[in-house]
Amino acid sequence: MKFTGTDSYVATEDLSIAVNAAVTLERPLLVKGEPGTGKTELARQVADSLKMPMIEWHIKSTTKAQQGLYEYDAVSRLRDSQLGDPKVQDVSNYIKKGKLWQAFQADERVVLLIDEVDKADIEFPNDLLQELDRMEFHVYETGETIRAKHRPVVIITSNNEKELPDAFLRRCFFHYIRFPDMETMKQIVDVHYPGLKESLLAAALTQFYEIREQAGLKKKPSTSEVLDWLKLLLAEDLTAEDLKRDGASALPKLHGALLKNEQDVHLFERLAFIARGER
């Protein structure tokens, strides 16, 4: 079965090729791209398309690679031993299975999402090299080796916040999700808001791309943000005519859905001020 996108996710041809190549090679698919381009959602849609269960591991700045394998709760075991609890005799009672363990021991092949790998410490990817390569790891407390029953489809996302180690990159199939062009964005919008008036869509997307291309913008609005904006425009029953900006303000209607910091808001306010002064 090949991934070609789903009814609720528009996958470009190069993205579909990347997913299928990674599945064929049995290599982790490393997906990079700016926030809001659908990297996390891709894993969910791959799981849905390939009819596989999904296991999600969302990485934080404090996440350690060991947590993906297992965690041993020595404190609880010590407390129970002091209370005379008989379960202390079995150390496995104090081992919490991590996301990799769950994926390895699943009775069927699963999609394993390792989300935002670049949030963790720089050593995090290297600490998972062997486990992702060999699809096994050792549990020192019990002496057992956990091997994957079925090699999971591993999808790793990164927002490009920091460089990943070369040794890690060598083991992955890489794909960069480029920001959608106007035509692709229209397809994406059509999935979420079918039947949207062409005039409103054209006016909104033209304004959206103008905002993204504005020099000096600190944070460019993303795909998810333009979808939120369109939802608000529909809720307010605005038309293409309503979106026209006059000289009084360069800010778009309901700009809080698109501009997410005061620096960018001030940028458009200054542009309006300059435009008024040139009249």
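In this predicted model, Asp80 belongs to helix α4, which covers residues 74–82. The residue is buried, because its relative accessible area is 7% and the cut-off for counting as buried is under 20%. Once the neighbours within four places in sequence are set aside, Asp80 is in contact with Asp85, Lys87, Val88 and Tyr94.

A second charged residue can be read in the same manner, this time in helix α11, where Glu225 lies. With a relative accessibility of 8%, Glu225 also counts as buried, and beyond the residues up to four places away in sequence it touches Lys219, Lys220, Ala257, Leu258 and Lys260.

From these helices we can turn to the strands. Strands of a sheet pair through backbone hydrogen bonds, and they may do so in a parallel or an antiparallel sense. In this model, five strands make up an open sheet in the order β2-β5-β8-β1-β9, and their pairing is parallel. Because β2 and β9 stand at the edges and have a single partner strand each, one side of each is left without a neighbour in the sheet. If direction is ignored, neighbouring strands of this sheet are turned against each other by 20° on average.

It helps to walk across the sheet from one edge. There, β2 pairs in the parallel sense with β5, which holds residues 111–115, and five bridges connect the two; within this pairing, His58 has Asp115 in β5 as its bridge partner. The next step leads from β5 to β8, which run parallel and are joined by four bridges, with Leu112 standing opposite Val154 in β8. A further step leads from β8 to β1, again a parallel pair with four bridges, and here Leu30 stands opposite Ile156 in β8.

How many of the residues of β8 are buried? The strand is mostly covered, and six of its six residues are buried. In a regular strand the side chains alternate between the two faces of the sheet. That alternation can be followed along β8, where Val153, Ile155 and Thr157 point one way while Val154, Ile156 and Ser158 point the other way, and all of them are buried.

In the neighbouring strand β1 we find Val31, which counts as buried because its relative accessibility is 0%. Apart from its neighbours within four places in sequence, Val31 is in contact with Lys39, Leu42, Ile155, Ile156, Thr157, Ser158, His175 and Ile177, and several of these names are already familiar from the description of β8, including Ile155 and Ile156. Val31 also shows how the fold relates distant parts of the sequence, since its C-alpha atom and that of Asp115 are separated by 9.7 Å although the two residues are 84 residues apart along the chain.

A separate pairing, antiparallel this time, links strand β6 (residues 136–139) to strand β7 (residues 144–147) over four bridges. Phe137 stands opposite Ile146 in β7. The two strands form a hairpin with four residues between them, and in the turn Gly143 has a positive phi of about 80°.

The last features to look for are the pockets. The largest pocket holds about 530 Å³ of space and is lined by 27 residues, among which Tyr9, Thr37, Gly38, Ile188 and Thr223 lie nearest its centre. Elements that each supply at least two residues of this lining are α1 (13–25), β9 (173–176), α9 (182–192) and α11 (223–235), and the lining as a whole divides into twelve nonpolar, ten polar and five charged residues.

The second largest pocket has a volume of about 240 Å³, and 13 residues line it, with Trp57, Gln67, Glu71, Lys96 and Lys99 lying nearest its centre. Two or more residues of its lining come from each of β2 (54–58), β4 (95–97) and α5 (99–105), and β2 gives the most, with three residues. Which classes of residue make up this lining? They divide into one nonpolar, six polar and six charged. The edge strands of the sheet thus reappear here, since β9 supplies residues to the lining of the largest pocket and β2 supplies residues to that of the second largest.

Note on methods: Residues are numbered from 1 along each chain as its sequence is written. This is a predicted model: local features need pLDDT of at least 70, side-chain atom pairs count only at pLDDT 80 or more; totals for chains, interfaces and linings use all residues. Side-chain values use heavy atoms; hydrogens and water are left out. On a 1 Å grid over the protein atoms alone, a cavity is a set of points where a 1.4 Å probe fits but cannot get out, and a pocket is an open set with protein on both sides within 12 Å along at least five of seven lines; lining residues have an atom within 4 Å of a point. Grid points are joined across faces, edges and corners, and a volume is the space filled by probe spheres set on the points. Ala, Val, Leu, Ile, Met, Phe, Trp, Tyr, Cys and Pro count as nonpolar, Asp, Glu, Lys and Arg as charged, and the others, Gly among them, as polar. Two strands pair if DSSP finds at least two bridges between them. Axes are lines fitted to C-alpha atoms, for helices over the stretch in contact, and angles run from 0 to 180 degrees between N-to-C directions. Buried means under 20% relative accessible area, exposed over 50%, partly exposed in between (1.4 Å probe, protein chains only). Contact means heavy atoms within 4.5 Å.
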